[in-house]
Amino acid sequence: MQTKSTPESAPESTLESAQDTPLNLTFVIGSNRHGRFGPVVADWLLARLRDRDDLIPQVVDVAEISLPTSLAPTPQATAELSTVTPKLAAADAFVVLTPEYNHSYPAGLKNLIDWHYTEWRAKPVALVSYGGLAGGLRAVEHLRQIFAELHAVTIRDTVSFHNAGASFDDNGRLKDPSAADAAAKGMLDQLVWWGRALREAKGRWPYAG
């Protein structure tokens, strides 16, 4: 009598090893405006990212990218994409830093997003914002809609800096870091959970999107 074989599940030790592997994280700095405040917030956040053993960060700065808004595959665009696209494709997770300009996010950030599609798909995105009274949160809510269309998963918790210029001293240090540090830890813990879950899921089953 023959018995029908069934696929063996991966050994538990193999799964645990995969879960322990740090996530490749791409940190997108979303403003290219002259005199931008973004680098101050970015430096603070990069220090939080580099303190973690479960994340390996690399940076994509919109201010260092010159992609045409026409989405035409010009030689210039091809050259720019050869640098930035691999950083997005290699990511297991993203952190996107955005200011709020006129109740929304910057055009340069939208252009970077629109030049790509599969690079965002089935990956988690944490959103960090800065601005005036609203702290950039209106930009964050708009970005959630964009990333949902791209089959990305935005993290529920955010970090936002209201009246950001007054929150940091002249040396770029937060005047009162306790609340922001706690918020960043919570957000990044959630990002790592989603990053691991989605990475494992994609390793088992092709994404259907």
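Me: How do you know that helix α7 has the span expected for its 28 residues?
Reply: This is a predicted model, and the check is simple arithmetic on it. Helix α7 covers residues 177-204, and at 1.5 Å a residue it should span 40 Å; the end C-alpha atoms are 40 Å apart, so the two values agree.

Me: Which residues of α7 are buried?
Reply: Ala180, Ala184, Met187, Leu188, Leu191, Val192, Gly195 and Leu198 are. An α-helix has 3.6 residues a turn, so residues three or four places apart point the same way. Leu188 and Val192, both on that buried list, also turn up among the residues that Arg52 touches.

Me: Where does Arg52 sit, and what makes it count as buried?
Reply: Arg52 is in the loop between α2 (38-50) and β2 (55-61). Its relative accessibility is 15%, and buried means under 20%, so Arg52 counts as buried.

Me: What does Arg52 touch once residues up to four places away in sequence are not counted?
Reply: Lys185, Leu188, Asp189 and Val192. Those four numbers fall inside α7, residues 177-204.

Me: What makes the Arg52 and Asp54 pair a polar contact?
Reply: Their side chains are joined at 3.0 Å, and the cut-off for such a pair of N or O atoms is within 3.5 Å. The pair therefore qualifies as a polar contact.

Me: Why is Thr85 called buried?
Reply: Same test, another residue: Thr85 comes out at 18% relative accessibility, which is under 20%, so it counts as buried. Thr85 lies in helix α3, residues 75-89.

Me: Which residues is Thr85 in contact with, leaving aside its neighbours within four places in sequence?
Reply: His116 and Glu119. With His116 there is also a polar contact, side chain to side chain, at 2.7 Å; the limit is within 3.5 Å, so the pair passes.

Me: What makes β4 mostly covered?
Reply: The strand takes in residues 124-130, and seven of its seven residues are buried. In a regular strand the side chains alternate between the two faces of the sheet. Here Pro124, Ala126, Val128 and Tyr130 are buried on one side, with Val125, Leu127 and Ser129 buried on the other.

Me: And how do you know that both faces of β3 are covered?
Reply: By going through the faces one at a time. Ala93, Val95, Leu97 and Pro99 make up one side, Phe94, Val96 and Thr98 the other, and all are buried. That gives seven of seven residues buried for β3.

Me: Why is it fair to say that β3 and β4 pair?
Reply: Pairing takes at least two bridges, and these strands have six, in the parallel sense, so they pair. Among the matches, Phe94 has Val125 as its bridge partner in β4, and Thr98 has Ser129.

Me: Which helix does the chain pass through from β3 to β4, and what is the hand of the crossover?
Reply: The chain goes through α4, residues 107-114, and this β-α-β crossover is right-handed.

Me: Which other strands does β4 join, and how many bridges are there in each case?
Reply: β5, residues 153-154, is joined to β4 by two bridges and runs parallel to it; Pro124 stands opposite Val153 there. With at least two bridges required, β5 therefore makes the cut. β6, residues 159-161, pairs with β4 over three bridges, again in the parallel sense, and Ser160 of β6 faces Ser129.

Me: What about β1 and β3: how many bridges join them?
Reply: Five, and the strands run parallel, with β1 covering residues 23-29. One of the matches puts Leu25 opposite Ala93 in β3.

Me: What is the pattern of the protein, read along the sequence?
Reply: α-β-α-β-α-β-α-β-α-β-β-α-α, which comes to seven helices and six strands.

Me: How much of the protein counts as buried, and how much of its accessible surface belongs to carbon and sulfur atoms?
Reply: Of the 209 residues, 40% count as buried. The accessible surface comes to about 11400 Å², with 52% of it belonging to carbon and sulfur atoms.

Terms used: Residues are numbered from 1 along each chain as its sequence is written. This is a predicted model: local features need pLDDT of at least 70, side-chain atom pairs count only at pLDDT 80 or more; totals for chains, interfaces and linings use all residues. Side-chain values use heavy atoms; hydrogens and water are left out. Buried means under 20% relative accessible area, exposed over 50%, partly exposed in between (1.4 Å probe, protein chains only). A crossover is right-handed if, with the strands pointing away from the viewer, the path from the first strand over the helix to the second runs clockwise. A polar contact is a pair of N or O atoms within 3.5 Å; within protein, one must be able to donate a hydrogen and the other to accept it, and residues adjacent in sequence count only if both atoms are side-chain atoms. Contact means heavy atoms within 4.5 Å. Accessible areas come from the Shrake-Rupley method with a 1.4 Å probe; for residues, only the protein chains shown count as cover. The expected span of a helix is 1.5 Å times one less than its number of residues.
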